[in-house]
Amino acid sequence: MPHGLAGGRGDRPGEGRVPAGGQAEHRREPRGHPAVRGDEHPHPHAVQGRGGEGPGRRRQGQGSPAEGDRSAPRSLSESRDRVLENEPVPSASRLPYVRTIHRGDRGEAVRDIQHRLLDFGLRIEPEELEGRFGPSTEEAVKAFQQRRGLPSDGMVGADTWGELVEAGYRLGDRVLYLRSLTFQGDDVRGLQKRLNALGFDAGREDGIFGPRTAAAVAEFQHNVGSASDGIVGPDTIGSIERLRPAVEGPSRAVVREAEYIRHIEEKQTLVGSCVAIDPGHGPDDPGHVGPGGLSESEATMLIAEDLAAELGARGAHPSILRTRDDAPSPSARALAANELGAAVCISIHLNGGEPTAEGATCFYYGTEATYSPAGQRLAEVIQEELVALMGLMDGRTNRLTVAMLRETRMPAVQVEPCFLTNPTEEAMLTDPVSRRLLAAAMAAGIERFFGSVESATGPRSASGSTDAGRSSAGG
Ligand SMILES: [Zn+2]
């Protein structure tokens with residue numbers, strides 16, 4: 001794009017017309033008011049931060065210059081410096097202490113959820129509005145979860161609540177810039193989409209305002225003759241909205257990632273590559289427990305150790321993201337994988353359900369609107385090897401938006417090789433020999449991702465795993 005298409009005076013926070021309510025910090029409690037845990041939070045309002053004003057019910061037209069974000073940096077380099085100075089802070093994408101709200105609940109929290117669902121364009125029966133969580137609210141929650149790549153259980157827990165909050169942000173609601181506790185939401189996703197469509201490289205359209213998005217903003221500002229401060233306020237948004245992309249087509253982020261897959265297949269090998277392995281759960285969070293007493297946290301660690309040995313034998317550099325005594329948050333694990341510069345990230349969980357439920361499932365980052373092609377490719381090859389080599393039932397590949405898949409910068413998958421609640425599959429995990437075979441199947445899939453090895457099964461069959469089904473993430 002040519003220079004000088006639009007003049008601009010920059011977006012010093014406070015100069016604009018940002019409504020005060022749009023500044024709400026919904027990701028953490030205000031300083032000096034530490035978060036309380038568990039049921040002490042009567043409803044999600046308690047986690048919305050300043051004044052309890054969430055994006056779903058913004059006050060309009062009350063903004064004034066004095067109410068701008070005083071903590072915003074003055075320039076991109078200043079925000080970069082701040083990120084470097086500060087301890088790496090996980091992006092707190094999900095709050096762990098929100099009580100789950102479900103069918104049968106009543107009250108203010110339900111009313112808030114309903115308003116957010118209505119804002120999202122979903123339908124709720126009039127007699128349920130004003131705070132009664134009935135069948136149509138449950139259906140609306142399920143539809144929302146499906147569209148946002150969440151397990152579709154109809155209940156509002158921490159993940160669904162976080163997505164409802166993020167879905168409420170529109171570009172322009174708040175000033176965006178790079179900070180260590182990253183801005184997340186649909187306003188960021190909208191910004192990334194517009195920048196990518198205009199030919200700037202904002203990276204994956206994941207709704208996280210990270211360094212790559214900030215760099216794309218600065219590049220855009222430079223191109224339109226504004227101060228390249230990387231701060232997205234009313235002026236920058238105005239410039240972006242005045243410029244329509246020449247051609248509407250597939251997202252450039254998706255195209256770029258598809259090119260990246262070709263690069264990996266042609267240029268990169270598993271030998272010498274770092275593979276981040278995340279054994280799901282931890283000492284205080286056992287996850288599912290099998291009928292024989294094996295916990296998901298222990299089983300994922302055993303699989304991770306076998307997988308690391310398999311990958312090491314194939315010349316890779318595996319790195320396990322937790323120890324037996326340690327349970328970092330998913331965001332902290334994603335950050336660790338990023339800092340390792342891992343080529344791929346494998347998060348291991350186990351499914352749970354009825355004793356007869358069985359089979360393997362692989363998840364990759366995606367919603368109905370966007371997905372990671374490289375993650376999908378990695379999920380498919382691992383899934384194929386698990387099914388072919390272990391004879392496991394094919395639970396297919398699916399999209400999911402958990403932090404490990406969304407906040408990692410490399411192709412990432414969540415592998416659920418089997419059901420821990422199935423006695424036969426639990427026995428497979430308890431037996432060291434079959435567990436090693438399971439790890440070898442996963443390693444074979446990872447090796448195929450790097451393009452150096454043909455499938456053990458020959459060409460992929462027409463009935464192979466596809467993205468047509470959508471099962472819930474049980475792990
Ligand atoms: Zn799990």
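**Zinc donors, a helix pair and a buried asparagine**

In this predicted model, the zinc ion has His 281 (NE2), Glu 296 (OE) and His 349 (ND1) as its protein donors, at 2.0 to 2.1 Å from the ion.

Reader: What makes His 281, Glu 296 and His 349 donors of the zinc ion?
Author: A donor is an N, O or S atom within 2.8 Å of the metal, and the named atoms of these residues lie 2.0 to 2.1 Å from the zinc ion, so they count as donors. Along the chain the donors follow the spacing H-x14-E-x52-H. The pair His 281 and Glu 296 links distant parts of the chain, with His 281 in the loop between strand S1 (274-279) and helix H9 (296-313), and Glu 296 in helix H9, 15 residues apart. Both of these residues are buried.

Reader: Why are H2 and H4 called oblique to each other?
Author: Helix H2 (residues 108-119) and helix H4 (residues 158-167) pack at an angle of about 50°, their axes being 10 Å apart. Angles under 35 degrees count as roughly parallel and 65 to 115 as roughly perpendicular, and the pair is therefore described as oblique. H2 passes H4 in a left-handed crossing, and the contact is made by Asp 112, Ile 113, Arg 116 and Leu 117 of H2 with Trp 161, Leu 164 and Val 165 of H4. These residues divide into five nonpolar, no polar and two charged.

Reader: How do you know that Asn 196 is buried?
Author: Buried means under 20% relative accessible area, and Asn 196 has 0%, so this residue is called buried. Asn 196 is found in helix H5 (residues 186-197), and its C-alpha atom is separated by 9.9 Å from that of Val 254, 58 residues apart along the chain.

Methods:
Residues are numbered from 1 along each chain as its sequence is written. This is a predicted model: local features need pLDDT of at least 70, side-chain atom pairs count only at pLDDT 80 or more; totals for chains, interfaces and linings use all residues. Side-chain values use heavy atoms; hydrogens and water are left out. Donors are N, O and S atoms within 2.8 Å of the metal (3.2 Å for Na, K and Ca); water is not among the atoms, so sites may look incomplete. Helices (H or I, at least four residues) and strands (E, at least two) are DSSP runs, numbered from the N terminus. Buried means under 20% relative accessible area, exposed over 50%, partly exposed in between (1.4 Å probe, protein chains only). Axes are lines fitted to C-alpha atoms, for helices over the stretch in contact, and angles run from 0 to 180 degrees between N-to-C directions. Angles under 35 degrees count as roughly parallel, over 145 as roughly antiparallel, 65 to 115 as roughly perpendicular and the rest as oblique. A crossing is left-handed if the near helix is turned anticlockwise from the far one by less than a right angle, and right-handed if clockwise. Contact means heavy atoms within 4.5 Å. Ala, Val, Leu, Ile, Met, Phe, Trp, Tyr, Cys and Pro count as nonpolar, Asp, Glu, Lys and Arg as charged, and the others, Gly among them, as polar.
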